[in-house]
Amino acid sequence: SACNGFILEEWKKSAQLQTKSFWEEFEDVTKGCVFVAHNSSFDRSFITCYARQYGVEITSYPWIDTISLAWPLRLKYYSLDCILEHFSYKRENKPHSAMNGAEACKTIYTELMKKSK
């Protein structure tokens with residue numbers, strides 16, 4: 001949509017890529033990792049739900065949430081774009097696309113970790 005950049009057709013294409021072997025490989029590749037996400041409870045619930053549809057249980061790993069880490073900044077809003085702007089970065093180029101969001105989240109996490117030193 002024009003409001004948030006969500007394009008149903010693009011999500012439908014990526015949904016077709018999901019198979020049992022996809023989720024088994026995801027579990028294997030991420031085993032022992034710490035996940036960092038913006039609004040991690042949202043991401044975690046989707047990953048867990050979709051993997052279970054294919055009979056794959058995602059091992060529970062630590063999840064770090066950039067919204068929670070940004071809370072001490074006392075911003076008016078805690079969207080990905082607002083936190084990026086706080087650190088003088090451009091807004092996310094193409095919202096709701098996995099790699100762009102992951103890169104934006106990585107940028108925020110890196111900046112927040114610099115502040116915590």
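# Asking how the labels are earned

Q: Which residues of helix α2 (residues 20–30) are buried?
A: W23, F26, E27 and T30 are the buried residues of α2. Buried means under 20% relative accessible area, exposed means over 50%, and partly exposed is whatever falls in between (1.4 Å probe, protein chains only). A helix is a DSSP run of H or I with at least four residues, a strand is a run of E with at least two, and both are numbered from the N terminus.

Q: What makes these residues sit on the same side of α2?
A: Around the axis they cover an arc of only 95°, so they share one side of α2. The arc is that of the directions from the helix axis to the C-beta atoms. The face turned away from this buried side carries the exposed residues E25, D28 and V29.

Q: What should I know about the model before going on?
A: This is a predicted model, where local features need pLDDT of at least 70 and side-chain atom pairs count only at pLDDT 80 or more, while totals for chains, interfaces and linings use all residues. Residues are numbered from 1 along each chain as its sequence is written, and side-chain values use heavy atoms, leaving out hydrogens and water.

Q: What do the buried residues of α2 pack against?
A: They pack against β1 (35–37) and α3. A contact here means heavy atoms within 4.5 Å. Right after α2 comes G32, with a positive phi near 85°.

Q: Why does E27 count as buried?
A: Its relative accessibility is 8%, and the limit for buried is under 20%, so E27 gets the label.

Q: What makes E27 and K31 a salt bridge?
A: A salt bridge needs a side-chain nitrogen of Lys or Arg within 4 Å of a carboxyl oxygen of Asp or Glu. For E27 and K31 the N to O distance is 3.6 Å, so the pair passes that test. In general, side chains of opposite charge can pair when their charged atoms come close.

Q: How many salt bridges turn up in the whole structure?
A: The search finds six. One of them joins E85 and R91 at 2.7 Å, N to O. E85 is partly exposed at 38%, and so is R91 at 48%. D81, E85 and R91 are linked in a network of salt bridges.

Q: How do you know that E111 and K114 are about one turn of the helix apart?
A: Both lie in helix α6 (residues 98–115), three residues from each other. Their closest N and O atoms are 3.2 Å apart, and they form a salt bridge. E111 is buried, at 14% relative accessible area.

Q: What counts as an aromatic pair, and how many are there?
A: Rings of Phe, Tyr and Trp (its six-membered ring) pair if their centres lie within 6.5 Å; planes under 30 degrees apart are stacked, over 60 edge-to-face, and the rest tilted. By this rule there are eight aromatic pairs.

Q: Why is the pair of F42 and F46 called tilted?
A: The ring centres are 4.7 Å apart and the planes meet at 50°, so tilted is the right word. F42 and F46 are four residues apart in helix α3 (residues 40–53), about one helical turn. F42 is partly exposed at 45%, and F46 is partly exposed at 36%.

Q: What makes W71 and Y78 a stacked pair?
A: Their planes are 20° apart, with 4.8 Å centre to centre, and stacked asks for under 30 degrees. W71 is exposed at 56%, whereas Y78 is buried at 16%.

Q: Which residues form one aromatic cluster?
A: F22, W23, F26, F35, Y61 and W63 do.

Q: Why can Y50 join a nonpolar patch with F42 and F46?
A: Patch residues need over 30% relative accessible area and no salt bridge; like charges are joined within 9 Å, nonpolar side chains (Val, Leu, Ile, Met, Phe, Trp, Tyr) within 5 Å. Y50, found in helix α3, has 32%, so it clears the area limit. F42, F46 and Y50 together show about 280 Å² of accessible area, from the Shrake-Rupley method with a 1.4 Å probe, where for residues only the protein chains shown count as cover.

Q: And what does the whole protein look like?
A: There are six helices and two strands, running α-α-β-α-β-α-α-α from the N terminus on. Of the 117 residues, 28% are buried.
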